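Colleague: Before this model is used further, I should like to go through several of its features in turn. Please give the reasoning with each reply.

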Amino acid sequence: MCSSDLGLAIGERVERRLAATDWEHALLGVLAIGIAWSTFAILVSPNALPAPALDGTFLAPAQARVLVIAAGITGLSGLLRHPPLGRLHLPVLVGFVLVHLLWVVASSGWPGIDVFFFERDAGIRLGQLLDPYTGTITNIYGSIDPYGAGYATAERVLLGHPYPPVSLIVTSVGQLLLGEPRIGLVLAIGATGTIAGAMRRDPVGRGAAALLLLTPVLPFLVHEAFVEPVAIVLLAATVDAARRSPRVTALCLGLFLFAKQTCLVALPLIPMLIRAGAPRREVVRLVAIAVAAALLAVLPFLLWDPGAFVRNVVAFHLDSPFRADSLGLGPTIATVLGGVPAWITGIAALAALGLVLRRAPWTPAGFAAWTGFLLLVLASFAKQAFPNYDLLVVGALCIAIA
């Protein structure tokens, strides 16, 4: 190689290295702003930090705020190349967040939302060896409008549990062991932060984990008992396992797809989890294990009472009425068309999927990022979409970064 060729090659390598470094610095700047803003938002927003309804819990409100500040400072310190806490950085950060969220649960009492009562009563029925999908709950709203005709009276909601079995199992364990379904959701968040922070042991990975754990809406959604943390931890486990073990990847994938109905949007993206050049038998094994894991989770409840299961998990969501208080583009579309036709959501989903299949990087990180993108499109055009939908999108993007 002549000297000019050698100089050109070295110059190109240096240029690529500088470009990568600049991009990493920009990403660290975004993560720093996100962590700082999220910490501030939790402290000042009434919806981000629910006011305690019960006295005598293990923390006073002022102490809980100090805990949030400590978590924010710890999260920011992780952006340093050598964080002050060293190897203890991630356990301390996760610990701060877990204690804070447990305080939210312990001090909040029963939230005024039906999701909590679906989970609580389903867990109780499961503990009595009764089908959790055949029960009913008290209609705390006194109206059938949120449910649609045939699914509620003014006194009772004629549903057992409206989510797939994977989420049911997580919340029921908390209910059966401690009388509180939200405990399982808190533990799922801690596990997600641990997995995300361990994926990439550098400032970017630590920053992504901190941003996920300090998402401002997270304490409120734990207070309300939304099941998205179950889906997020299984997505994180799927992506992490894709770097190491195809069999574990398949197991986590099968459970992720049935953590919540919206997770099924990731089905077309499964090839992103398969390493390039993998033999056909590896692909077949991944799909077979994923299907087996899903069947093991779903079949016992489906066979218990097929009609009740399909009515709760499928029909109820398809028949749910449009909600004028929904986030996203739904209210705007409804103003023009008088509702949100299913064909609009279908077209938006197909267009998004076409973009993904054409442009997405076929890697596990791409699987997480584009799952988040598809979920965002789905929430934007859905007839019902609330902050819990956004949590799953944010979680997916943070996992992709990590």
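The exchange below concerns a predicted model and takes up salt bridges, a helix, backbone angles, a pocket and a surface patch.

Colleague: How many salt bridges does a search of the whole structure find?

Modeller: Side chains of opposite charge can pair when their charged atoms come close. The cut-off applied here is a side-chain nitrogen of Lys or Arg within 4 Å of a carboxyl oxygen of Asp or Glu. A search of the whole structure on that basis finds a total of seven.

Colleague: Which residue forms a salt bridge with Arg244, and is that partner buried or exposed?

Modeller: The closest N and O atoms of Arg244 and Asp240 are 2.8 Å apart, and the two residues form a salt bridge. Arg244 has 57% relative accessibility and therefore counts as exposed. The partner has 15% relative accessibility, so the answer is Asp240, buried.

Colleague: What is the N to O distance in the salt bridge of Lys260 and Glu228?

Modeller: Lys260 counts as buried because its relative accessibility is 6%. Glu228 is likewise buried, with a relative accessible area of 2%. Their side chains meet in a salt bridge with an N to O distance of 2.3 Å.

Colleague: How many of the 17 residues of helix 15 are buried?

Modeller: Helix 15 covers residues 364-380 and reaches 24 Å from its first C-alpha to its last, close to the expected 24 Å. Its buried residues include Phe367, Trp370, Leu374 and Leu375. The helix is largely enclosed by the rest of the structure because the buried count is 12 of the 17.

Colleague: Ala225 has a positive phi in a residue other than glycine; is Ala225 buried or exposed?

Modeller: Phi of Ala225 is near 75°, and the residue is found in the loop between helix 8 and helix 9. Leu129 also has a positive phi, near 60°, but at 70% relative accessibility Leu129 counts as exposed. Ala225, at 0% relative accessibility, counts as buried.

Colleague: Which helix gives the most to the lining of the second largest pocket?

Modeller: About 190 Å³ of space lies in the second largest pocket. Its lining includes Arg87, His89, Leu90, Pro91 and Arg201. With three residues, the element that gives the most to this lining is helix 3.

Colleague: What is the area of the nonpolar surface patch that includes Leu177?

Modeller: Leu177 is found in helix 5 and counts as exposed, at 66% relative accessibility. Together with Ile169, Val173, Leu176 and Leu178, Leu177 makes a nonpolar surface patch of about 500 Å².

Technical notes
Residues numbered from 1 in each chain as written. Predicted model: local features only at pLDDT ≥ 70, side-chain atom pairs only at ≥ 80, totals over all residues. Heavy atoms only, no water. Patch = residues over 30% accessible without salt bridge, like charges linked within 9 Å, V, L, I, M, F, W, Y side chains within 5 Å. Areas by Shrake-Rupley, 256 points an atom, 1.4 Å probe, with all protein chains shown as cover. Helix = DSSP H or I, 4+ residues; strand = E, 2+ residues; numbered from the N terminus. Buried < 20%, exposed > 50% of the residue type's maximum accessible area, 1.4 Å probe, protein only. Expected span 1.5 Å × (residues − 1). 1 Å grid on protein atoms, 1.4 Å probe; cavity = no way out; pocket = protein on both sides within 12 Å on 5 of 7 lines; lining within 4 Å. Points joined across faces, edges and corners; volume = space filled by probe spheres on them.
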